[in-house]
Amino acid sequence: MKKELRLMKGNEALAEAAIRAGCDGYFGYPITPQSEVLEYLSKEAYKRTGMIVLQAESEVASINMVYGAAGTGKKVMTSSSSPGISLMQEGISYIACAELPCLIVNVMRGGPGLGTIQPSQGDYFQAVKGGGHGDYKLIVLAPSTVQEMVDFVPLSFDLAFKYKNPVMILADGALGQMMEKVELFDPIPRKNNTEEWATVGKPKNRERNIITSLHIEPDKMEEINHKLQKKYKEIEENEVRYEMINCDDADIIIVAFGLVARISSKAAELAREKGLKVGVFRPISLYPFPYEKLNRLAENVKGMLVTEMNAGQMVEDVKLAVNGKTDVHFYGRMGGIVPSPEEILAQLEEKFSGELV
Amino acid sequence: MIAEESVCVEENLVYDRPKTLIDTTMHYCPGCGHGVAHRLIAEVIDELGIQDKTIGVAPVGCSVFAYNYLDIDMSEAAHGRATAVATGIKRMLPDKYVFSYQGDGDLAAIGTGETIHTCNRGENILIIFINNGIYGMTGGQMAPTTLVGMKSTTSPEGRIPELMGNPLKITELIAQLPGVYYCTRVAVNTPNNVRKAKKAILKGFQYQDHKKGLCFVEIVSNCPSNWKMTPVEANKWLEENMLPFYPLGDLKVPEIEGGK
Ligand SMILES: Cc1ncc(C[n+]2csc(CCOP(=O)(O)OP(=O)(O)O)c2C)c(N)n1
Ligand code: SF4
């Protein structure tokens, strides 16, 4: 069967995917460069599937609405951009501890502070290392095409429910704003079965369901932490995702995620035209990070260049992965500046001049 | 003499534990109004027969463990965020009865934004607001509702408005919002007031069927521990000091009750 093809803006494609994925509720607040998600859903969602779309008074309220709604066992989500995601961190920590499934989309802009509305990858640490208080993890997926903005929505809901954990789609502002051809999947109906843990009203034949992150006794709280850590181990074993482009014979590997990975593959192409064997490794799941695969790759290459739109965040994970097996260099642009393929090529030539002659 | 067995029979029963109230020791201090308010909620849920259709939201504050005592599905919420959480639940389950139960610090300080906007949106939920004029759980700090001159650990000489701002009548504030359907203030310091409080909570649940907006029941309560009084003194102090500033009665009633 032929799938539906459309030319769509990243944010709108993601919103369309949410409707098709059978999402039950969206709670959000406008912020550039992701407001089109809320706008598109406001226009399309309720009339098509009955999906609830609510503009909250703030990101703090949005994420807590998500918390309440997720507790009913429904498929719910929010989206925002960097400063808004910062405001959500309180709620995200509660949701992670209460083990509720939900989707959080961060279409990143340049920071810190109010920053700029131009694209950035400055929230990597916040997304993959916690962000809120306590020991918790989100599953973090980084799309690099508008098509992946679509494909990662149903995937995120599946992962969120499988692990009862919040999932974040971490895109940069450019992916939210650019238009590309997308293939849309057939709509999945909204589900009407009830999760056994959900707060939907206690029938006579079961114990009451309590959703909480409060465990005042330290023994109990440690037990909960162990339970969470066990779950994260399982996620690390099963949900690592990455893409490799021309890495088989590569001397040098560029490691990049999201949009920068695409720019980097252009840089790698230019390098190959000059006779330099360059490949690109793209982590798709930023948590769990593909440590093992990178470690193995490091054995056969002369070095790696990590390119990011930040001051050097993922590079720390790459260094951890490589563990000294090869040289790891870094090149980053900040403040909303997107690096060009030529710029990255120049970096390759500069950093690996010795190895590449 | 009448044999005990012939007296203790079901048809003679006038007072019993509501079945929605779990038979366990409560963590509240002796004489605290939270316990009374919990019992009233349980009685109302029993009488309406809605135990299987009710979802409660517990706040941060002394009542953080409310879910240990009410035999219904409940969700804990971050400090101040209870009404946002309740909004999320109600929007997903519009035919269920959803209520939040919040202290003055929770509802009128850290959660003011959520409170005002939930009320203004007219969410079809019930907010039960326990006003004891102080932060109970954290050990008696000043609350937005602390009276002028009232002592707390952070207003040791009594609340001085020039330095600490004025007490906030949040209930009067939200009563004006178009999304609010029913708004009333009751107390739990005397048997008569307790009966009126129960009626208000009952209406708050029943009105959710109308789907016409938010119900708000403020319960003026006490905190014997942090007021540093015996329960009897606390209830007397409440009568003499809290009620003149927070007068009891309806602030807004639906048209069906003769309101406009
Ligand atoms: C974000 C956050 N800030 C502060 C606290 C600490 N805290 C716990 S309870 C409370 C005050 C509760 O007072 P109130 O809502 O009046 O309820 P009461 O204890 O009087 O019943 C505070 C400040 C917290 N748990 N979370
Ligand atoms: S500290 Fe005050 S409000 Fe808290 S349980 Fe004790 S008396 Fe009640």
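**Domains, cores and the chain A–chain B contact**

Putting domain 1 of chain A together with domain 2 of chain A buries about 2300 Å², and carbon and sulfur atoms give 57% of that area. On the domain 1 side, Gln121(A), Tyr124(A) and Phe125(A) lose the most area to domain 2 of chain A, together 31% of what that side buries. All of this refers to a predicted model. The split itself runs as follows: domain 1 of chain A covers 4-238, and domain 2 covers 243-351. Taken over C-alpha atoms, the centres of these two domains of chain A are 28 Å apart. Contact across the boundary involves 33 residues of domain 1 of chain A and 25 residues of domain 2 of chain A.

Turning to the two chains, the contact between them takes 32 residues from chain A and 35 residues from chain B. About 2700 Å² is buried between chain A and chain B, with 63% of it from carbon and sulfur atoms. In chain A, the residues that lose the most area to chain B are Glu57(A), Lys202(A) and Arg208(A), and together they account for 22% of what that side buries.

As for the interior, the largest nonpolar core counts 145 residues, and Met304(A) and Val318(A) are the ones with the most contacts inside it. Helix H6 of chain A (residues 146-163) supplies the largest share of this core, nine residues. The core also draws at least three residues from each of domain 1 (4-238) and domain 2 (243-351) of chain A. Apart from it lies another core, this one of 39 residues, including Phe65(B), Ile72(B), Met74(B) and Val186(B).

Back in the larger core, Val318(A) has a set of partners that includes Met304(A). Leaving aside neighbours within four places in sequence, Val318(A) is in contact with Val255(A), Phe289(A), Leu294(A), Met304(A), Val306(A) and Val328(A). One of these partners, Leu294(A), is also among the buried residues of helix H10 of chain A (residues 291-298), along with Lys293(A), Asn295(A), Leu297(A) and Ala298(A). The buried residues of H10(A) pack against strands S10 (242-245), S11 (252-255), S12 (278-283) and S14 (303-308), and against helix H11 (314-322), of chain A.

Over in chain B, Val220(B) is part of strand S8 (residues 214-220). Val220(B) has 0% relative accessibility and therefore counts as buried. Beyond neighbours within four places in sequence, Val220(B) is in contact with Asn131(B), Arg185(B), Val186(B), Ala187(B), Val188(B), Leu238(B), Met242(B), Leu243(B), Tyr246(B) and Leu248(B). Of these, Val186(B) also turns up in the core of 39 residues. Val188(B) and Val220(B) are 32 residues apart in sequence, yet the C-alpha to C-alpha separation is 6.8 Å.

Chain B also provides the surroundings of ligand 2, namely Tyr28(B), Cys29(B), Cys32(B), His34(B), Cys62(B), Asn132(B), Gly136(B), Cys223(B), Pro224(B), Ser225(B) and Asn226(B). Helix H9 of chain B (residues 224-227) gives the most to this shell, with three residues. Sorted by class, the shell around ligand 2 has six nonpolar and five polar residues, and no charged residues.

A few backbone details in chain A are worth a look. Most residues other than glycine have a negative phi, and most peptide bonds are trans. Against that background, a cis peptide bond joins Thr32(A) and Pro33(A), with omega at about 10°. Pro33(A) sits in the loop between strand S2 (25-28) and helix H2 (35-49) of chain A. The bond from Gly111(A) to Pro112(A) is cis as well, with omega near 0°. Pro112(A) lies in the loop between strand S5 (102-108) and helix H5 (124-128) of chain A.

Positive phi values crop up too. Glu99(A), not a glycine, has a positive phi of about 55°, and its place is the loop between helix H4 (82-98) and S5 of chain A. With a relative accessible area of 11%, Glu99(A) is buried. Lys164(A), another residue other than glycine, has a positive phi near 45°. Lys164(A) lies in the loop between H6 and strand S7 (166-172) of chain A. At a relative accessible area of 25%, Lys164(A) is partly exposed.

Note on methods:
Residues are numbered from 1 along each chain as its sequence is written. Chains are lettered from A and ligands numbered from 1 in the order in which they are written. This is a predicted model: local features need pLDDT of at least 70, side-chain atom pairs count only at pLDDT 80 or more; totals for chains, interfaces and linings use all residues. Side-chain values use heavy atoms; hydrogens and water are left out. A nonpolar core is a set of buried Ala, Val, Leu, Ile, Met, Phe, Trp, Tyr and Cys residues joined through side-chain atoms within 4.5 Å. Buried means under 20% relative accessible area, exposed over 50%, partly exposed in between (1.4 Å probe, protein chains only). Helices (H or I, at least four residues) and strands (E, at least two) are DSSP runs, numbered from the N terminus. Domain bounds come from an automatic or database domain assignment. Contact means heavy atoms within 4.5 Å. A residue is near a molecule or strand if one of its heavy atoms lies within 4 Å of it. Ala, Val, Leu, Ile, Met, Phe, Trp, Tyr, Cys and Pro count as nonpolar, Asp, Glu, Lys and Arg as charged, and the others, Gly among them, as polar. Buried area is the accessible area (1.4 Å probe) that two parts lose on being put together, summed over both.
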